[in-house]
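This report walks through one protein chain, element by element. Keep the sequence and the 3D view side by side while reading.

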Amino acid sequence: MVHTSGTPDEAWYDDDAGPVARPYTMTGGRTAPARGQFDLISLVVARRGVTPPTPLFPEQARIVELCHHPVSVAEVGAELDLPLGTVRVLLGDLLATGLIETHEPPMLSELPTEDLLEAILVGLRGL
């Protein structure tokens, strides 16, 4: 059943199927971000005091709102209930306009030693 009364936005929602506008319409058919690489655990934070150069789509505005404190890419996708590829494209657009910044998680400088891995395995087996 499609909403036909109420606000104009309700016409874009179908109770049974969800949003009528598919994710590719939000990204203009793009499947890769215009800028940046976004791992699932990359942190995204909105830049304070930056005004968007053009009006934002509702999903982009929601991302900026969510990211007033650091949020992972996975959390953004879950909160918006959108496919990760779509979220990455939207984040790339926001990064290109300077509305967000990303922070990569620290990487281990060395791989764990075999002794450490063995100790972890022994500990897990003890649980």
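Which residues of helix 3 (residues 73–80) are buried? They are Val 73, Val 76, Gly 77 and Leu 80. Viewed down the axis of helix 3, these buried residues fall within an arc of 95°, so they line one face of the helix. Their cover includes strand 3, helix 2, strand 4 and helix 4. Note that this is a predicted model.

## Overall layout

The chain has five helices and five strands. Along the sequence they follow the pattern β-β-α-β-α-β-α-α-β-α. Of the 127 residues, 26% count as buried. Take the contacts between residues at least 6 apart in sequence: 67% of them join residues at least 24 apart.

## The sheet

Three strands form an open sheet in the order 4-3-5, and the pairing is antiparallel. Strand 4 (71–72) and strand 5 (100–103) stand at the edges. Each has a single partner strand, so one side of each is left without a neighbour in the sheet.

In general, strands of a sheet pair through backbone hydrogen bonds, in either a parallel or an antiparallel sense. Here, strand 3 (residues 43–46) pairs with strand 5 over four bridges, in the antiparallel sense. The pairing of strand 3 with strand 4 is also antiparallel and runs over two bridges.

Val 44 has bridge partners on both sides. In strand 4 its partner is Val 71. In strand 5 the partner of Val 44 is Thr 102. Ala 46, for its part, stands opposite Ile 100 in strand 5.

## Helix 2 and helix 4

Two packed helices are described by the angle and the distance between their axes. The axes of helix 2 (residues 58–66) and helix 4 (residues 84–96) come within 10 Å and cross at roughly 75°. The two helices are therefore roughly perpendicular to each other.

Which residues make this contact? From helix 2 come Glu 59, Gln 60, Ile 63 and Val 64. Helix 4 supplies Leu 90, Leu 91, Asp 93 and Leu 94. By type, the residues of this contact divide into five nonpolar, one polar and two charged.

Helix 2 has its own buried set: Gln 60, Ile 63, Val 64 and Leu 66. These residues cover an arc of only 165° around the axis, which puts them on the same side of helix 2. They pack against strand 3, strand 4, helix 3 and helix 4. Among them, Gln 60, Ile 63 and Val 64 also take part in the contact with helix 4.

## Three loop residues

Three residues outside the helices and strands deserve a look. The table gives their setting and relative accessibility.

| Residue | Loop | Relative accessible area |
|---|---|---|
| Ser 42 | between helix 1 (23–26) and strand 3 | 0%, buried |
| Val 50 | between strand 3 and helix 2 | 29%, partly exposed |
| Asp 81 | between helix 3 and helix 4 | 69%, exposed |

Is Ser 42 buried or exposed? Ser 42 has a relative accessible area of 0%, so it is buried. Leaving aside neighbours within four places in sequence, it contacts Gln 37, Val 71, Ser 72, Val 73, His 103, Glu 104 and Pro 105. One of these, Val 71, is also the partner of Val 44 in strand 4. Another, Val 73, is among the buried residues of helix 3. Pro 106 lies 64 residues from Ser 42 along the chain, yet their C-alpha atoms are separated by 9.8 Å.

Val 50 is partly exposed, at 29% relative accessibility. With neighbours within four places set aside, Val 50 is in contact with Gly 98 and Leu 99. Its C-alpha atom is separated by 9.0 Å from that of Ile 100, which is 50 residues apart along the chain. Ile 100 is the residue of strand 5 that stands opposite Ala 46.

Asp 81 follows helix 3. What is its phi? The value is positive, about 55°, although Asp 81 is not a glycine. Asp 81 is exposed, with a relative accessible area of 69%.

## Pulling it together

Helix 2 and helix 3 each have buried residues that face strand 3, strand 4 and helix 4. In the sheet, strand 3 has strand 4 and strand 5 as neighbours, in the order 4-3-5.

Technical notes. Residues are numbered from 1 along each chain as its sequence is written. This is a predicted model: local features need pLDDT of at least 70, side-chain atom pairs count only at pLDDT 80 or more; totals for chains, interfaces and linings use all residues. Side-chain values use heavy atoms; hydrogens and water are left out. Two strands pair if DSSP finds at least two bridges between them. Axes are lines fitted to C-alpha atoms, for helices over the stretch in contact, and angles run from 0 to 180 degrees between N-to-C directions. Angles under 35 degrees count as roughly parallel, over 145 as roughly antiparallel, 65 to 115 as roughly perpendicular and the rest as oblique. Contact means heavy atoms within 4.5 Å. Ala, Val, Leu, Ile, Met, Phe, Trp, Tyr, Cys and Pro count as nonpolar, Asp, Glu, Lys and Arg as charged, and the others, Gly among them, as polar. Buried means under 20% relative accessible area, exposed over 50%, partly exposed in between (1.4 Å probe, protein chains only). The arc is that of the directions from the helix axis to the C-beta atoms.
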